[in-house]
Amino acid sequence: MGMNMTEKILAKHAGLASVEPGQLITCKLDMVLANDITAPPAIKEFEKIGRPVFDNTKIALVPDHFTPNKDMKTAGLTKAVRDFANANNIVNYFEVGHDAGIEHVILPEKGLVGPGKLTIGADSHTCTYGAVNGFATGVGTTDLAVALATGEAWFKVPQSIKVNLTGKKPKNINGKDVILTLIGMIGVDGALYQSLEFAGPGVAELSMTDRFTIANMAIEAGGKNGIFPFDEKTKEYVEGRVKDYEPVAPDADAKYVRTVEINLSELKPLVAFPHLPGNTKRVEDIGEIKIHQVVIGSCTNGRLEDLAIAAEIMKGHKVHKDVRCIVIPGSQQVYIEALEAGYLKTFIESGAAVSTPTCGPCMGGHMGIMTAGERCVSTTNRNFRGRMGHVDSEVYLAGPHVAAASAILGRIATPEEVE
């Protein structure tokens, strides 16, 4: 029986000829990731094991959630990660500044994840790395601690859903609209502990930025992981970044529990209403909804292409007087490239605030917390109640096109409405 992409990666890393859904296996890992929230408790558990780290080159520690530190408590969390990295000579420790940034932006950027590779991270959006044809998923504290010591983790092989993409991507549609469409179709638990495998001629329409955005939010449909096929765009991205990679492709007789069809040509700009990513509506159907804040950035939409989209729309316009617009590049490299391209100047001249790379407001950390009654259009990945501040605030998820237009008009809007 043939295997799909996820099954092939898991089988290889388990040292098996084949695997099938439901099978329990133990796999060797290519990369183990943690951040300033998840690393400290895992480090405490790791220390109980009494062993050295399995490989100081295959561990990535990225303080990004509450950094630059907002208070004494978060400074203590970051110090615990820093001390562990220094004590164990962790090669891939990324300090604030120092060519660092948000974990799910910088790991692909630096070639630490790639085709055919298996990565776990103590962060649910670790599934981002499926964009480059790898298997990546989030884990909990204990699994991370064991992985730090052994370089291994256990898995139950997931069932897989094929997401068949067809058609042409219209202007002002990006990866965020694609994944919100999918989550709106199947629901926030529609792929619970299943792999979302993307396929079809429509894949070629998607940039790597689109793919990172889509894979990042696989978890918002309950997915174990999201994974894209290896093609020329993937090859162009990983060449010169990733060493010793082995792409995977599904067998012709690979098995899927179901197939979901998405025609890109039919997509319209979407917004996910509070308080679930699956509560999607077309912007053209929602009427006037006034907003107070816009966030453009995060591990979902903080890459250079995202900022370029927003800057093109905002150039020559002013952020609405009743709106705070916060732009957060996903990494120091993105920051530099956006600076050199003039995007940051455009944002500042429009009246937006530009932040150093950080997760910040995405999970209610800092740099843009809301009070009761406020509404935010955000390019982040979750809009749960209280996610970005007060439980009576509201987060509307959208792509950079809609976010930029909304910042200008002071209401949820599309670029076509910006004169």
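**Exercise 1.** How much space lies in the largest pocket, and which residues that line the largest pocket are the closest to its centre?

*Solution.* The structure is a predicted model. Step one is the volume: the largest pocket holds about 280 Å³ of space. Step two is the lining, which consists of 14 residues; the closest to the pocket centre are E109, Y237, R241, R303 and L304. Step three assigns the lining to elements: α4 (103-109), α7, α10 (304-314) and α11 (332-340) each give two or more residues.

**Exercise 2.** Decide whether the residues of helix α7 (residues 208-216) are buried or exposed.

*Solution.* Begin with the cut-off: a residue is buried when its relative accessible area is under 20%. In α7, the residues M208, T209, D210, R211, F212, T213, I214, A215 and N216 are buried. That is nine of the nine, so α7 is largely enclosed by the rest of the structure. This helix is also among the elements that give two or more residues to the lining of the largest pocket.

**Exercise 3.** State how many cavities of 30 Å³ or more there are, and describe the largest cavity.

*Solution.* The count is one cavity of 30 Å³ or more. The volume of the largest cavity is about 90 Å³. It is lined by 13 residues, of which V96, G97, A100, G101 and P357 are the closest to its centre.

**Exercise 4.** Give the strand order of the five-stranded open sheet and name its edge strands.

*Solution.* Reading across the sheet, the order is β4-β3-β2-β5-β6, with parallel pairing. The edges are β4 (92-93) and β6 (135-138), since each of them pairs on one side only. For one pairing in detail, take β2 (residues 31-35) and β3 (residues 59-62): they run parallel and are joined by four bridges. Within this pair, V32 has I59 of β3 as its bridge partner.

**Exercise 5.** Describe the side-chain pattern along strand β1 (residues 24-28) and its pairing with β7.

*Solution.* The side chains of β1 alternate. I25 and C27 point to one face and are buried, while L24, T26 and K28 point to the other face and are not buried. As to pairing, β1 and β7 (residues 152-156) run antiparallel and are joined by five bridges. T26 of β1 stands opposite W154 in β7.

**Exercise 6.** Which residues form a nonpolar patch on the surface with V188, and where is V188 found?

*Solution.* The patch consists of V188, L276 and F384, with about 210 Å² of accessible area together. V188 is found in the loop between α6 (175-186) and β9 (194-199). Its relative accessible area is 30%, so V188 is classed as partly exposed.

How values were computed. Residues are numbered from 1 along each chain as its sequence is written. This is a predicted model: local features need pLDDT of at least 70, side-chain atom pairs count only at pLDDT 80 or more; totals for chains, interfaces and linings use all residues. Side-chain values use heavy atoms; hydrogens and water are left out. Patches are made of residues with over 30% relative accessible area and no salt bridge: like charges are joined within 9 Å, nonpolar side chains (Val, Leu, Ile, Met, Phe, Trp, Tyr) within 5 Å. Accessible areas come from the Shrake-Rupley method with a 1.4 Å probe; for residues, only the protein chains shown count as cover. A salt bridge is a side-chain nitrogen of Lys or Arg within 4 Å of a carboxyl oxygen of Asp or Glu. Buried means under 20% relative accessible area, exposed over 50%, partly exposed in between (1.4 Å probe, protein chains only). Two strands pair if DSSP finds at least two bridges between them. On a 1 Å grid over the protein atoms alone, a cavity is a set of points where a 1.4 Å probe fits but cannot get out, and a pocket is an open set with protein on both sides within 12 Å along at least five of seven lines; lining residues have an atom within 4 Å of a point. Grid points are joined across faces, edges and corners, and a volume is the space filled by probe spheres set on the points.
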